[in-house]
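Here is a short report on one protein model. Please look over the sequence and the 3D view before reading on.

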Amino acid sequence: MAENGIGESLLKKNKYHEDCPGCKIEHFKETNTGVPFKHLFYVGIVVLCAALPISSLFPFLYFMIRDFHIAKREEDIGYYAGYVGSAFMFGRALTSVLWGMIADRYGRKPVIMFGTISVVIFNTLFGFSTNFWMAVSTRFLLGSLCGILGPMRAYASEVCRKEHQALGMSIISTSWGIGLVIGPALGGFLAQPAEKYPNIFSTDSLFGRFPYLLPCLLISIFSVGVIAVCCLLPETLHSHVGDGEVCNDSVALGTAAFESNSPRKSLLKNWSLISSIIVYCVFQLHDMAYAEIFSLWAVSPRKNGGLSFSTADVGEVLAFSGLGLLLFQLFIYPLVERNFGPVMVSRIGAVLTIPLLSSYPFLAMLNGLALMLLINCASILKNVLAVSITTGLFLLQNRSVTQQQRGAANGISMSAMSLFKALGPAAGGSLFSWAQKRQDAFFFPGDQMIFFLLNMIEVTGLLLTFKPFLALPDDNIS
């Protein structure tokens, strides 16, 4: 056949099509054995842009819902906050497979560019929200139209030789984790600027009338700059003409053999992929519920078991967490993964998370310097463990499929994960409101019940990492 002839010709002559962007990347990897720092820098910046808006609202969401005057009681605020927090992930769950298919058909770059533009538009509109339904709809549209992460995960695998793929996935999860930490830090420091910085922002100014616009606007301005970075991204999808037929083939990572010469397995029948996605979804449900609950718990009154933090206090804690996460992922994680493997790293992270979360309710008994010191240490450790788990599962998913299927595979992963993440804030917000009303209960009173339930999700994810449930991909799959 024509495709086999093309593959055999390239294999024998060991050459690439000059006009094929995928071949250019493969030739670059063959002639440059080092780490592709420039490409990974681009990857990190784009992923950071996609991650920043996801959880930037959590520190001020409690106050935003209060200002909408939709909750009849203070204890009900968490219930409505959960739905606003879930809208983004619900939208992403509906469209991630579509964006993955588009990325496999037309290339990674167009999807990434369109998603970045969506961040600029809809994240800004969210900052202008004046009622509950406007907030929900803008977050839903942002999630639906921002299909960046799936294609970027495929992209990071494709620009790296196999020996550097762990670093590529680490860059993805590091930027993602930093975005999920720095985003809330910006939200905490910059929300309600007329109240915090009255000498700079008056109550009659734009940011006085829209108290939650400033952090959203700064993220959108950053995203405008990222659009320029997207223009520098080289395409990685193979698309070239041979023997009269257009071919979308892909050279295997680290070899010159075309993956299309081997049978393509249906993604839904690929148990290595599906099992890793299921485990990944359970941990992401935990992480998203934790992100929602932590901010609600931190800003809630001490009489309800919270810390009575301001949005700025929450921002400070999350900013320190972002710094610790950056240092760990860049300098420690690749070494740990190389020695223990992605599955063992995920298991260790899950085991250590359980006693850590069990200690959270007792931190509310502290005050002053002791509280700030311990809550910062706990938050750094929790985020480091969560991103270590995520990175390991990223690696498993991308090694379970060929390049031709990576966009669709990551689309399936993103849709499933987004559905679970949509459940996280909604369930977390509702459970938080319920727990705040049972301060005098005998069994796990108040917020102790919330952190107990979070641990049960973590235990479930941990158990699923063991065989026979989790099937590991063959080592020869790149």
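The notes below cover the nonpolar cores, one helix pair, one threonine, the cysteines and some backbone exceptions. The model is predicted.

**Nonpolar cores**

Start with the largest nonpolar core, which has 119 residues. Val46, Val84, Met152, Ile172, Trp297, Phe309 and Tyr360 touch the most other members. Helix α13 supplies the largest share of this core, 16 residues. Met152 shows how sequence-distant parts meet. Leaving aside neighbours within four places in sequence, Met152 is in contact with Val43, Val46, Val47, Ile112 and Ile172. Of these, Val46 and Ile172 are also on the list of residues that touch the most other core members. Another core lies apart from the largest one. This other core has six residues, including Phe201, Phe207, Leu213 and Leu214.

**Packing of α13 and α18**

Helix α13 spans residues 271-299. Helix α18 covers residues 368-399. The two helices pack with their axes 9 Å apart, at an angle of about 160°. Angles over 145 degrees count as roughly antiparallel, so α13 and α18 are roughly antiparallel to each other. Their crossing is left-handed. On the α13 side, the contact includes Leu273, Ile277, Tyr280, Phe283, Tyr290, Phe294 and Trp297. Polar or charged side chains take part too: Ser276, Gln284, His286 and Asp287 are among the α13 residues in the contact. From α18 come, among them, Ile375, Lys382, Ala386, Ile389, Thr390, Leu393 and Phe394. Trp297 thus appears twice, in this contact and among the residues that touch the most other members of the largest core.

**Threonine 95**

Thr95 is found in helix α5, residues 77-106. Is Thr95 buried or exposed? Thr95 is buried, with a relative accessible area of 15%. Not counting residues up to four places away in sequence, Thr95 touches Gly143 and Ser144.

**Cysteines**

How many disulfides does the model hold? The count is zero. A disulfide needs two cysteine sulfur atoms within 2.5 Å. For Cys230, the nearest cysteine sulfur belongs to Cys231 and is 7.0 Å away, and Cys230 is in no disulfide. Cys231 is in no disulfide either; its nearest cysteine sulfur is that of Cys230, 7.0 Å away. The two residues also sit in unlike surroundings: Cys230 is buried, with a relative accessible area of 0%, whereas Cys231 is partly exposed, at 47%.

**Backbone exceptions**

Most residues other than glycine have a negative phi, and most peptide bonds are trans. Two residues with positive phi are set out here.

| Residue | Phi | Relative accessible area |
|---|---|---|
| Ser308 | near 55° | 42%, partly exposed |
| Phe444 | near 45° | 26%, partly exposed |

Ser308 lies in the loop between α13 and α14, the latter spanning residues 311-331. Phe444 is in the loop between α19 (403-436) and α20. Neither residue is a glycine.

Where is the cis peptide bond? Lys467 and Pro468 are joined by it, with omega about 10°. Pro468 is in the segment after α20, the helix of residues 447-464.

Conventions: Residues numbered from 1 in each chain as written. Predicted model: local features only at pLDDT ≥ 70, side-chain atom pairs only at ≥ 80, totals over all residues. Heavy atoms only, no water. Buried < 20%, exposed > 50% of the residue type's maximum accessible area, 1.4 Å probe, protein only. Helix = DSSP H or I, 4+ residues; strand = E, 2+ residues; numbered from the N terminus. Core = buried A, V, L, I, M, F, W, Y, C linked by side-chain atoms within 4.5 Å. Contact = heavy atoms within 4.5 Å. Axes fitted to C-alpha atoms, helices over the stretch in contact; angles between N-to-C directions. Parallel < 35°, antiparallel > 145°, perpendicular 65-115°, else oblique. Left-handed = near helix turned anticlockwise from the far one by under 90°.
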